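Hi everyone, thanks for having me. I'd like to walk you through one small model today, so please pull it up and follow along.

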Amino acid sequence: MAAPKRKTSRSNTRRRRSQWKAKRPDLVPATVEGRQIIVPRNLVRAYHRGLIRP
């Protein structure tokens, strides 16, 4: 694993961390057990297979 060669300053560390943004997942309508629900796009197949209950 790579190791840093020198210490990163506090201001540089905080500037880098401040660029991370959390996004809302893309929600799409899906029909599960005859009901229309809104679920994240990447979980639609799991809902259809019954791996996740609404």
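Let's warm up with a quick one: does arginine 14 count as buried or exposed? Have a look before I tell you. Okay: arginine 14 counts as exposed, because its relative accessibility is 52% and the cut-off for exposed is over 50%. You'll find arginine 14 in helix 1, which covers residues 10-18. And if you go from arginine 14 to proline 4, you cross ten residues in sequence and 17 Å in space, C-alpha to C-alpha.

One thing to keep in mind throughout: this is a predicted model.

Now let's zoom out. What are the pieces here? The chain has two helices and two strands, and starting at the N terminus the order is α-β-β-α. The chain is more spread out than a compact globule, because its radius of gyration is 20 Å, while the globule rule gives 10 Å for 54 residues. You can get a feel for that from the C-alpha trace, which spans about 60 × 25 × 10 Å along its principal axes. Of the 54 residues, 17% count as buried. As for surface, the chain exposes about 5,600 Å², with carbon and sulfur atoms supplying 51% of that. And here's a number about contacts: take those with a separation of 6 or more, and residues 24 or more positions apart account for 0% of them.

Next, the two strands. How do strand 1 and strand 2 pair, parallel or antiparallel? They pair in the antiparallel sense, over six bridges. Two examples you can click on: leucine 27 has proline 40 of strand 2 as its bridge partner, and valine 28 stands opposite valine 39 in strand 2.

Here's a bit of textbook that helps: in a regular strand, side chains alternate between the two faces of the sheet. Now check strand 1. Val28, Ala30 and Val32 point to one face and are buried, whereas Leu27, Pro29 and Thr31 point to the other face and are not buried.

That takes us to the core. Which residues make up the largest nonpolar core? There are seven: Val28, Ala30, Val32, Ile37, Val39, Val44 and Tyr47. Strand 1 (27-32), strand 2 (35-40) and helix 2 (44-49) are the elements that give two or more residues to this core. The largest share comes from strand 1, with three residues.

Let's pick one core member and look around. If you skip the neighbours within four places in sequence, alanine 30 is in contact with Arg35, Gln36, Ile37, Val39, Val44 and His48.

My last stop is glutamate 33. Where is glutamate 33? It lies in the loop between strand 1 and strand 2, and that hairpin has two residues between the strands. Glutamate 33 has a positive phi of about 55 degrees, although it is not a glycine. It also counts as exposed, because its relative accessibility is 60%.

Glutamate 33 has a partner, too. How many salt bridges does the structure hold? Just one, and there the side chains of arginine 53 and glutamate 33 meet at 3.1 Å, N to O. Arginine 53 lies in the segment after helix 2 and glutamate 33 in the loop between the two strands, so the pair ties together parts that are 20 residues apart in sequence. Arginine 53 counts as exposed as well, because its relative accessibility is 62%.

So if you open the model again later, try tracing that salt bridge from arginine 53 to glutamate 33, then follow strand 1 and spot which side chains are buried and which are not. That's it from me, thanks!

Notes: Residues are numbered from 1 along each chain as its sequence is written. This is a predicted model: local features need pLDDT of at least 70, side-chain atom pairs count only at pLDDT 80 or more; totals for chains, interfaces and linings use all residues. Side-chain values use heavy atoms; hydrogens and water are left out. Helices (H or I, at least four residues) and strands (E, at least two) are DSSP runs, numbered from the N terminus. The radius of gyration is taken over C-alpha atoms; the globule rule is 2.2 Å times the number of residues to the power 0.38. Buried means under 20% relative accessible area, exposed over 50%, partly exposed in between (1.4 Å probe, protein chains only). Contact means heavy atoms within 4.5 Å. Accessible areas come from the Shrake-Rupley method with a 1.4 Å probe; for residues, only the protein chains shown count as cover. A nonpolar core is a set of buried Ala, Val, Leu, Ile, Met, Phe, Trp, Tyr and Cys residues joined through side-chain atoms within 4.5 Å. Two strands pair if DSSP finds at least two bridges between them. A salt bridge is a side-chain nitrogen of Lys or Arg within 4 Å of a carboxyl oxygen of Asp or Glu.
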